[in-house]
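Visitor: I should like to take a close look at a single part of this protein, set in the context of the whole. Please guide me through it in one connected account.

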Amino acid sequence: MAQAQEFEKVLSASDTSVAAFDEHKSAVKRIQHFLHSTPAAVPLIVLLLSIVIFGITIGGRFFSSYTLTLILQQIAIVGILGAAQTLVILTAGIDLSIGVIMVISAVIMGNCAVSYGMPSVLAVAIGLAAGAACGLLNGLLVAYMKLPPFIVTLGTWNIVMATNFIYSANETIRDTDVDNQAPLLHLFALSFKVGTAVLTLGVIATVVLVMVLWYVLNHTAWGRHVYAVGDDQEAAKLSGIQTKKVLMTVYTLAGLIAAFAAWVSIGRNGSISPSAAVTDYNLQAITATVIGGISLFGGRGSILGTLFGAMIVGVVSMGLNMLGADPQWKVLLTGVLIIGAVAIDQWIRKVSA
């Protein structure tokens, strides 16, 4: 066995420990890191605080099963549209046409089933396909034409809304006609009791949709690609992700989900009115998404937060109504919540900076 050389003897006696750096995080830093790793925590905390505050102010009436289930029924459509909007915003885009895609899909379903006498199943399928086609158009323009999502969807918002009024001649399809000729369109209006609470299939559909999308976004390769594209599209492309394909599927799926919201809205509203295109469904969906902690810069947030965001708006609206407050207080508080959500997002993002 060879004798150890002189320098080896010195090394064998040297200290082999590795330098370590103790990082003492303050309480604020720990909170910041927790919120960064758990995006749905902020909207959940705000939701619980809202329920507690209105519960204390209003009393036992607010905690009745009737009130709480009514809130869920009122936010079902916004929750579904918010889920569609979340997919787009996670890619650092935005879809201003979500609301009108929902309306034209409902109009197409109603006309196919009632005016043209098609089987209800076929009418629903055509309506869903129409919504997906609108989303596909957005995806093509954003992914392949490289146009800004805001401009693209602002343009398609005008195109789809005008098409909706031209196609329908602004004629409302009555509730009784839908009931008599296409009861399947009212499927999501069906209700059932859980104890003293009354839930509709629309509420169940909203929760199931959000849970399915949560699983897909967090436990599939496609979901990871959506986050990667939103975080840094060029880096995602260099790492082998087909960014154009991801954007195409996101916008198409958003359109399909908007069409599904149309089916749920028919059950909720009864009749089918083309003039619903002028309502602020899209603004409500964006509001729920932003309040839910989805970063407008893309790549961060949880779709569960969007559901919590929609519930926050529903709780605030219901609470103020029960207090008999001026409706403008709801608008004011919603604005405060939006600005607060963006400010918190900026603060949390400093962790990864």
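**Helix H12 and the nonpolar core**

Guide: Of the 353 residues in this protein, 46% count as buried. The model is a predicted one, and its secondary structure amounts to 15 helices and 2 strands. Along the principal axes, the C-alpha atoms occupy a box of roughly 100 × 55 × 35 Å. When contacts between residues at least 6 apart in sequence are considered, 76% of them join residues at least 24 apart.

The part to examine closely is helix H12, together with the core to which it contributes. The largest nonpolar core has 71 residues, and the members that touch the most others are Leu 81, Met 102, Leu 185 and Ile 272. Helix H12, which covers residues 243-269, gives the most to this core, namely 14 residues. A second core lies apart from that one; it has 14 residues, including Leu 47, Phe 54, Ile 71 and Phe 308.

H12 itself consists of 27 residues, and the distance from its first C-alpha to its last is 38 Å, close to the 39 Å expected at 1.5 Å a residue. How many of the 27 residues of H12 are buried? The number is 19, so the helix is largely enclosed by the rest of the structure; the term buried here denotes a relative accessible area under 20%. Just after H12 comes Gly 270, with a positive phi of about 90°.

Two leucines show which residues meet in this region. Leu 81, one of the core members with the most contacts to other members, is in contact with Ile 98, Met 102, Ala 258, Ala 261, Tyr 281 and Ala 285, once neighbours within four places in sequence are left aside. Among these partners, Ala 258 and Ala 261 fall within the residue range of H12.

Leu 87 belongs to helix H4, residues 65-90. Leu 87 has a relative accessible area of 0%, and therefore it counts as buried. Not counting residues up to four places away in sequence, Leu 87 touches Leu 213, Leu 217, Trp 222, Val 226, Val 250, Leu 253 and Ile 257. Of these, Val 250, Leu 253 and Ile 257 lie within the span of H12. By way of a distance, the C-alpha atoms of Leu 87 and Phe 192 are separated by 31 Å, the two residues being 105 residues apart along the chain.

Some features elsewhere in the chain complete the picture. Ala 41 lies in helix H3, residues 41-58, and is buried, with a relative accessible area of 9%. Its C-alpha atom is separated by 21 Å from that of Ala 92, which is 51 residues away along the chain.

The loop between helix H7 (149-168) and helix H8 (175-181) contains Ala 169, whose phi is positive, about 55°, although the residue is not a glycine. Asn 170 is placed in the loop between H7 and H8 as well, and its phi, near 55°, is likewise a positive value in a residue other than glycine. Asn 170 counts as partly exposed because its relative accessibility is 45%.

As for the outside of the protein, the accessible surface comes to about 17,700 Å², and 67% of it belongs to carbon and sulfur atoms. The protein carries 17 positive and 16 negative charges, and the mean positions of the two sets are 2 Å apart.

Technical notes. Residues numbered from 1 in each chain as written. Predicted model: local features only at pLDDT ≥ 70, side-chain atom pairs only at ≥ 80, totals over all residues. Heavy atoms only, no water. Helix = DSSP H or I, 4+ residues; strand = E, 2+ residues; numbered from the N terminus. Buried < 20%, exposed > 50% of the residue type's maximum accessible area, 1.4 Å probe, protein only. Contact = heavy atoms within 4.5 Å. Areas by Shrake-Rupley, 256 points an atom, 1.4 Å probe, with all protein chains shown as cover. Lys, Arg positive; Asp, Glu negative; His and termini not counted. Charge placed at Lys NZ, Arg CZ, Asp CG, Glu CD. Core = buried A, V, L, I, M, F, W, Y, C linked by side-chain atoms within 4.5 Å. Expected span 1.5 Å × (residues − 1).
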